[in-house]
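Dear colleague,

I am handing over the structure we spoke about, and the notes below it set out what was found. Please read them with the model open beside you.

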Amino acid sequence: MLATVRSAAVLGMDAYPVEVEVDVSMGLPGFAIVGLPDAAVNEAKERVRAAIKNSNYEVPARRITVNLAPADIRKEGPSFDLPIALGILAATKQIGSDRLNGLMAVGELSLDGTVRPAAGVLAIALTAKSEGVRGLLVPEANVREATLAEGLAVYPVRSLLQAAQFLEGSASITPVVCDADMGDNGEPMYDVDFSEVRGQEYARRAMEVAAAGGHNILLIGPPGSGKTMLARRLPTILPPLTLEEAIEVTKIYSVAGLLPPGSSLLFTRPFRSPHHTTSAVAMAGGGQVPRPGEISLAHHGVLFLDELAEFHRDVLEVLRQPLEDGVVTIARVQTTLTFPARFMLVAAMNPCPCGFYGDAVKECICTPMQIHRYRRRISGPLLDRFDLHIEVPRPEAVALAGSPTGDDSRTIRERVIHARARQQARLHEYGVLTNASMPPRLVRRTCPLQEETRRFLQGVIDRLHLSARAFDRILKLARTIADLEGVEELQTHHIAEAIQYRGLDRPSARGY
């Protein structure tokens with residue numbers, strides 16, 4: 001007796017169809033799963049056996065063989081429990097197999113037959129739609145996630161018994177028609193706001209410029225100066241995610257198993273802040289079957305590295321390629337996978353090991369050699385990826401005790417949205433979204449300079465001995481400042497403000 005149930009498995013950011021073939025034959029009782037299963041798939045034998053028994057069905061005392069095809073790709077995770085159980089019931093004629101045709105099933109089983117949520121259901125739903133199946137059986141907790149695959153009927157199931165009765169025809173499950181507009185409210189909600197930041201007007205302005213142009217920013221200052229506070233509020237002034245961006249972010253979190261049960265689209269921009277002891281694999285992604293890392297979880301959001309100099313050098317170096325390409329490629333013996341990784345990098349560090357070099361209140365106790373070694377932990381190529389280098393001094397007591405003086409996040413976000421709109425209108429035909437992403441040829445084309453402004457910039461370059469890359473960064477920043485101001489022509493004060501945000505280009509800071 002043979003039965004086949006269609007299912008799917010996640011590989012990288014996408015899913016691929018899997019045929020769950022169940023054969024029940026005469027012979028010594030046994031239960032074997034083949035098709036390169038991992039430990040979690042192999043353990044399905046005990047979960048499925050108990051779930052079938054506790055759902056008032058019988059597990060035959062025969063030889064049961066389950067094949068997960070294609071057999072040359074390793075399968076992992078407990079999401080094959082439900083299709084295996086349904087295959088056994090169909091192969092033993094305890095339920096009819098006719099209604100299985102055209103359906104795909106996925107879900108983990110508990111011992112009492114309850115269907116638990118699974119990871120990667122959105123990717124599976126999109127694959128089911130592309131495969132032309134007429135319906136998808138998913139855990140009830142994953143139904144809103146699956147409804148993002150527009151045009152597919154989704155059947156939420158709470159238990160193996162309910163799924164079996166539905167296939168028998170003795171119970172009905174109302175299909176949820178997929179609709180991409182079923183997402184959460186598009187207005188992002190945050191627990192923090194820029195109005196809570198006291199003082200630090202210079203740093204606040206720099207954060208606005210960074211958000212408007214998608215620029216990476218490095219914050220340098222003593223402990224307690226507000227670097228982390230500023231970084232955590234950066235997502236609140238970024239434009240809301242578009243529907244396409246929200247689906248991408250949701251898919252990443254679904255594959256990683258981090259999507260909250262019962263949730264649909266994630267409209268809040270991600271903010272990831274890994275600890276400085278994190279590994280290169282955790283940062284970039286990986287594993288035997290690669291999963292997204294921190295840089296992919298920050299896709300379309302912010303990756304914040306606090307205490308930048310404390311991160312291992314190999315961890316920081318994995319950021320260089322994703323910052324340039326917007327993707328991270330994970331190579332393994334059996335496969336090579338690509339994960340999206342287009343994010344804003346925000347980093348914070350102390351100016352020295354003790355943290356008080358240049359502080360107006362506490363005296364630094366570090367030697368020049370200690371300071372030099374501390375700063376050299378950050379490689380030059382990585383520092384080159386930061387468009388803004390901002391000094392964040394200790395805030396004055398008057399500012400801390402006074403009333404808020406700056407704009408709130410909503411007001412700043414409106415200015416950022418207008419600036420981004422100007423950029424998209426200018427750069428859309430080139431396939432570029434923000435000023436920070438412009439290649440050198442576009443920088444020259446979109447940042448024309450009047451003769452007076454050109455002479456001013458040339459004088460600064462000669463005086464500070466700036467590189468060609470620093471020259472381009474200054475022009476990109478000036479372009480963003482002009483977009484915030486709502487003007488098309490770059491002027492001298494735009495260039496001057498941009499230069500102020502390049503603190504590490506100054507001769508006194510070359511130790512960095």
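How much accessible surface does the protein have, and what share of it belongs to carbon and sulfur atoms? The accessible surface comes to about 22,000 Å², of which 51% belongs to carbon and sulfur atoms, where areas come from the Shrake-Rupley method with a 1.4 Å probe and, for residues, only the protein chains shown count as cover.

Before going further, please keep in mind that this is a predicted model, in which local features need pLDDT of at least 70 and side-chain atom pairs count only at pLDDT 80 or more, while totals for chains, interfaces and linings use all residues. Residues are numbered from 1 along each chain as its sequence is written, and side-chain values use heavy atoms, with hydrogens and water left out.

As for the overall picture, the protein has 21 helices and 19 strands, these being DSSP runs numbered from the N terminus (helices are H or I with at least four residues, strands are E with at least two). Its C-alpha atoms fill a box of roughly 90 × 45 × 45 Å along the principal axes. Of the 512 residues, 53% are buried, where buried means under 20% relative accessible area, exposed over 50%, and partly exposed in between (1.4 Å probe, protein chains only). Among contacts (heavy atoms within 4.5 Å) between residues at least 6 apart in sequence, 73% join residues at least 24 apart.

One strand that you may like to look at is β11, residues 217-220, from which Ile217 and Leu219 point one way and Leu218 and Ile220 the other way, with all of them buried. Strand β11 pairs in the parallel sense with β18 (residues 344-349) over 4 bridges, and it also pairs in the parallel sense with β19 (residues 388-391) over 4 bridges; strands count as paired if DSSP finds at least two bridges between them. The bridge partner of Leu218 in β18 is Ala347, while that of Ile220 in β19 is Glu391.

Two loop residues are also worth a look. Is Ser79, in the loop between β4 (63-69) and α3 (81-91), buried or exposed? Ser79 counts as buried because its relative accessibility is 10%, and, leaving aside residues up to four places away in sequence, Ser79 touches Val106, Gly107, Glu108 and Ala118. Gly431, in the loop between α17 (409-427) and α18 (440-446), is exposed, with a relative accessible area of 66%. The C-alpha atoms of Gly431 and Phe31, which are 400 residues apart along the chain, are separated by 54 Å.

With best wishes
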